[in-house]
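Open your viewer, keep the sequence panel beside it, and come along for a short walk. At each stop you will get something to select and a note on what is there.

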Amino acid sequence: MLRRALPCRPEARRILVGTLLSAIGRGLTLPFLFIYLTDVRGLSDTRAGLVIGWYGAVTLALSPLGGTLIDRFGARRVVLPCLLVEAAGTGSLALVDSTASAFLVITLIAIGSSAIWSGQNTILASLTDDGERQRVFGLNFALLNLGIGIGGLVSGAIVDVTRPITFQMIYVLDAISYLMPALILLTLPAVGRRLVADPADERPSTGGYLTVLRDRPFRRLVIFGLVLTTCGYAQIEVGFTAYAVRVAEVTPRVVAWALAGNTVMIVLAQLVVIRRMEGRSRTSALAVVGAVFAAAWLVLGAAGVVGPGNALVAALLVVACAAIFGFGETMLSPVMPALTNALATDELRGRYNAMSSMIFGISGVIGPVTAGPLIGAADGRIWVVAVVGGCLTASVVALSLRRLLTPMQDGRHPRTAPTSPEPTPAPTPA
């Protein structure tokens, strides 16, 4: 299954290696930003939520520019400097000591990350054909989470809220990890160039983001993504962590182990899920993702109910929530980028991927800002109801998208077509 999921081109395989290496650094810090800002640096819950939400706002504001630059100059010229800026910003988190410095550093990180995701997806799409993209994007996500899980295990054994230097150490290591994909991209000088030639006498392209926004199926996909990520991914850093620590009363180390469980689920299930999804409806898979995410949050809600009285059961439920969430991710990760690039044209591929990444920017603003107050009300029950209802709403939106897609776009045709036409029978003599 791994051999089948690997891309044909060696350049794409090396890009995947860069994903794994940078993800290890990301895993060191992913679950701890909210705890670091509040319990180590002394920011209030509200201010920490605003800082994390500001990251989403800046990313959202700059993502359209990133997509335009990718289409105009090529992903390479955009991704390389962004990786360097991201590394500088992440390392600077170790020096944060106030709300003002936190906002400054988060702004730098947001500038760097605003075009990395869309740029890397554009590069992978340019190195693969439509028949293998869904598998490759799924493998990319599995490697991403494998790295995050490895980093999470390491940081879970290191971090201590009474020793700020342990947090400073993981942010410096995270910064170094962002240099790995940059070095790999530098060794591939032909990768990430502009996808559409622009001769001097060619009339400049028109439409831009207006053309992307006029694409009705893609608009529906964006709506689905906004609802799902706001009630799903955007809750991981603040909602999930804060609910687990404050309501379920588990330790930060249990949160790290929960993310490790999330990774184990993804690594074990991703290749199997990729294989089972070939030739099946992508919109149906997206609808199932919403239902799985809703189930995960219900399990976390149960941890909040039993947490104060039974720490072991609460810890097991928190880990189970992350594992169930990970199973949903194994279906979402190959489908969302594959469907985005199935709808995109080479001329606007950077903008399509930028719009797709903007989903995370918008939800990154809404999720952290709302999670804190919702978790603080009614012992977190309002937050649980909100995120469960949102995930189920996303499922309904996904089902409504199917009628707007061709069978090929929806993945309902086999992804492996014969390389040569079937022989035509010779005519029978009269």
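The tour below goes from helix contacts to loops and ends with the cysteines. Please keep in mind that this is a predicted model.

**Stop 1: helix 3 and helix 4**

Select residues 33–40 for helix 3 and residues 45–73 for helix 4. The axes of helix 3 and helix 4 are 9 Å apart, and the packing angle is about 140 degrees. Helix 3 is therefore oblique to helix 4. Their crossing is right-handed. To see the contact, show side chains for Leu 33, Phe 34, Leu 37 and Thr 38 on helix 3, then add Asp 45, Ala 48, Gly 49, Val 51 and Ile 52 on helix 4. Colour them by class and you should find six nonpolar, two polar and one charged residues in this contact.

Now centre on Ala 48, which belongs to helix 4. Is Ala 48 buried or exposed? Its relative accessibility is 0%, so Ala 48 counts as buried. Setting aside neighbours within four places in sequence, the contacts of Ala 48 are Phe 34, Leu 37, Thr 38 and Leu 43. For a sense of scale, draw a C-alpha to C-alpha distance from Ala 48 to Ala 190: these residues are 142 apart in sequence and 42 Å apart in space.

**Stop 2: the loop between helix 3 and helix 4**

Pick Ser 44, which sits in the loop between helix 3 and helix 4. With a relative accessible area of 35%, Ser 44 is partly exposed. Try another C-alpha distance here, from Ser 44 to Phe 34: the two are 10 residues apart along the chain, and their C-alpha atoms are separated by 9.9 Å.

**Stop 3: helix 3 again, now with helix 9**

Keep helix 3 on screen and add helix 9, residues 164–177. The two axes come within 11 Å and cross at roughly 145 degrees. This crossing of helix 3 and helix 9 is left-handed. Which residues meet here? From helix 3 come Leu 33, Tyr 36 and Val 40, and from helix 9 come Pro 164, Phe 167 and Tyr 171. By class, the contact of helix 3 with helix 9 has six nonpolar residues, no polar and no charged.

**Stop 4: helix 12 and helix 15**

Next, select residues 216–231 for helix 12 and residues 282–306 for helix 15. These helices pack at an angle of about 15 degrees, and their axes are 11 Å apart. Helix 12 is therefore roughly parallel to helix 15. The crossing of this pair, helix 12 and helix 15, is left-handed. On the helix 12 side, display Leu 221, Phe 224, Leu 228 and Cys 231; on the helix 15 side, display Leu 286, Val 289, Gly 290, Phe 293 and Trp 297. The contact of helix 12 with helix 15 divides into eight nonpolar residues, one polar and no charged.

**Stop 5: Gly 232**

Step to Gly 232, in the loop between helix 12 and helix 13 (236–247). Gly 232 is buried, with a relative accessible area of 0%. Which residues touch Gly 232, leaving aside neighbours within four places in sequence? They are Phe 293, Trp 297 and Phe 325. Of these, Phe 293 and Trp 297 also appeared at the previous stop, on the helix 15 side of the contact. If you would like another distance, Gly 232 and Leu 104 are 128 residues apart along the chain, with C-alpha atoms separated by 27 Å.

**Stop 6: Glu 249**

Go on to Glu 249, found in the loop between helix 13 and helix 14 (252–277). Check the backbone here: phi of Glu 249 is near 60 degrees, a positive value in a residue other than glycine. Most residues other than glycine have a negative phi. Glu 249 counts as partly exposed, at 47% relative accessibility.

**Stop 7: the cysteines**

Finally, show the cysteine sulfurs, including those of Cys 391 and Cys 231. How many disulfides are there? The count is zero. Why does Cys 391 have no bond to Cys 231? The sulfur of Cys 231 is the closest cysteine sulfur to that of Cys 391, but the separation is 5.4 Å, too far for a bond; a disulfide needs the sulfur atoms within 2.5 Å. Cys 391 counts as buried, at 0% relative accessibility. Cys 8, by contrast, is exposed, with a relative accessible area of 63%.

Methods:
Residues are numbered from 1 along each chain as its sequence is written. This is a predicted model: local features need pLDDT of at least 70, side-chain atom pairs count only at pLDDT 80 or more; totals for chains, interfaces and linings use all residues. Side-chain values use heavy atoms; hydrogens and water are left out. Buried means under 20% relative accessible area, exposed over 50%, partly exposed in between (1.4 Å probe, protein chains only). Axes are lines fitted to C-alpha atoms, for helices over the stretch in contact, and angles run from 0 to 180 degrees between N-to-C directions. Helices (H or I, at least four residues) and strands (E, at least two) are DSSP runs, numbered from the N terminus. Angles under 35 degrees count as roughly parallel, over 145 as roughly antiparallel, 65 to 115 as roughly perpendicular and the rest as oblique. A crossing is left-handed if the near helix is turned anticlockwise from the far one by less than a right angle, and right-handed if clockwise. Contact means heavy atoms within 4.5 Å. Ala, Val, Leu, Ile, Met, Phe, Trp, Tyr, Cys and Pro count as nonpolar, Asp, Glu, Lys and Arg as charged, and the others, Gly among them, as polar.
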